[in-house]
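Got your viewer open and a hand on the selection tool? Let's take a walk through this one, stop by stop.

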Amino acid sequence: MKSNLDIKVVEGFGDEWSRFDQSTLSQAEHLEMFYEYFDIFPWYTLPKDAVGFDVGCGSGRWAKLVAPRVGKLHCIDPSSAALDVAKKNLSKMSNCEFHLAGVDHLPLENNSADFGYALGVLHHTPDPASGIKICVSKLKQSAPFLLYLYYKFDNRPLWFYLLWQITEPVRFLISRSPYSLRYLLSQIIAIFIYFPLAQGALLLEKLGFNVDSFPLSAYRNRSFYVMRTDALDRFGTKLEKRFTKKEIQKMMEDAGLERISFRNSAPYWCAIGYKK
């Protein structure tokens, strides 16, 4: 069976989370980012002492806010470097259990979990659809699964998509360079691309303009630390897949999820579904 894992991508994320362990992220910004994904998550449906999983936990930034709300959280990541960062960040969370594993080897029994989530992870695997199916197989019936996959700009104008296409050759080259150079170039992009565009969007918004389609406007209220992190994430990762809302809906349905709904604002696309 072919592994649903790209070892270079896994190693790259280990480097990323070691450089950006999220320790300097403010609590307010951390919470704000958390709710951008989890405001559609049905906490009220979880049983007391719910047991769930975080696939591709990375630095543990989402687990840090999920663990206090549940009974037990399995934090799973194929990168030992990333998992070390998560262990450090979650050292005060006694209900977190850590596993070094990829999505095709989740160390959980089938039909055992009360919930699960994979945020910004499966679009970096060779076969995201297969990854979703394996995640869903671990859920109990009616258990919720929260998913975030990169969008294919299906809700954007054509010029927006073409602008993104221009950046692809840059990502191709940077993501294949040595870690130190990859990091340096991504930080230059954060300084000269992310920051000016984000500040420009913020200024236009204050002047009364709608900046929803302004490039990188999602960062207008974000710290420079988040921009630096995401610039490395975006340009330092060689495997990146994107999907339309319809494609994600179909993959979730094919995996055995129902009652699927999508968040109607950025980040796109974030969706919740329940196992049949």
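Here is a tour that begins with the sheet, moves to the helices, and ends at a loop residue. One thing before we set off: what you are looking at is a predicted model.

**Stop 1: the sheet**

Switch to cartoon view and colour the strands. You should find an open sheet of 7 strands, with mixed pairing, in the order β3-β2-β1-β4-β5-β7-β6. Now pick out the edges, which are β3 (96-100) and β6 (257-262). Each of these has a single partner strand, so one side of each is left without a neighbour in the sheet. Going from one strand to the next, the twist averages 15°.

**Stop 2: the β3 edge**

Select β2, residues 72-77, together with β3. The two run in the parallel sense and pair over 5 bridges. For a landmark, show D77, which stands opposite L100 in β3.

**Stop 3: over to β7**

Next, select residues 270-275, which is β7. Is this strand buried or exposed? Of its 6 residues, 6 are buried, so β7 is largely enclosed by the rest of the structure.

Then bring in its partners. With β5 (144-148), the pairing is antiparallel over 5 bridges; show L146 and you can find its bridge partner I272 in β7. With β6, the pairing is also antiparallel, over 4 bridges. There, F262 has A271 of β7 as its bridge partner.

**Stop 4: helices on the sheet**

Keep the sheet on screen and add helix α5, residues 128-137. Which strands does α5 touch? They are β1 (51-55), β5, β6 and β7, and the direction of α5 makes about 155° with that of β5.

Add helix α9 too, residues 245-254. This helix lies across β5, β6 and β7, and runs at about 155° to β6.

**Stop 5: α7 meets α8**

Hide the sheet for a moment and select α7 (residues 179-206) and α8 (residues 224-235). Their axes are 8 Å apart, and the helices pack at an angle of about 125°. That makes α7 oblique to α8, since the angle falls outside the 65 to 115 range for roughly perpendicular and is not over 145. The crossing is right-handed.

Show side chains to see who takes part. From α7, the contact residues include Y183, I189, Y194 and F195; from α8, F224, M227, L232 and F235 are among them. Sorted by class, this contact has 12 nonpolar, 2 polar and 4 charged residues.

**Stop 6: α7 meets α1**

Stay with α7 and add α1, residues 7-19. Here the axes come within 11 Å and cross at roughly 60°. That makes α1 oblique to α7, and this crossing is right-handed as well.

On the α1 side, select K8, E11, G12, D15 and R19; on the α7 side, select Y179, S180, R182 and Y183. What is the make-up of this contact by class? It has 2 nonpolar, 2 polar and 5 charged residues.

**Stop 7: a loop residue**

Finally, zoom in on S79, in the loop between β2 and α4 (80-89). S79 is buried, with a relative accessible area of 5%. What does S79 touch, leaving aside its neighbours within four places in sequence? The contacts are V10, G14 and L100. You have met L100 already: it is the β3 residue that stands opposite D77.

Definitions and conventions:
Residues are numbered from 1 along each chain as its sequence is written. This is a predicted model: local features need pLDDT of at least 70, side-chain atom pairs count only at pLDDT 80 or more; totals for chains, interfaces and linings use all residues. Side-chain values use heavy atoms; hydrogens and water are left out. Axes are lines fitted to C-alpha atoms, for helices over the stretch in contact, and angles run from 0 to 180 degrees between N-to-C directions. Angles under 35 degrees count as roughly parallel, over 145 as roughly antiparallel, 65 to 115 as roughly perpendicular and the rest as oblique. A crossing is left-handed if the near helix is turned anticlockwise from the far one by less than a right angle, and right-handed if clockwise. Contact means heavy atoms within 4.5 Å. Ala, Val, Leu, Ile, Met, Phe, Trp, Tyr, Cys and Pro count as nonpolar, Asp, Glu, Lys and Arg as charged, and the others, Gly among them, as polar. Two strands pair if DSSP finds at least two bridges between them. Buried means under 20% relative accessible area, exposed over 50%, partly exposed in between (1.4 Å probe, protein chains only).
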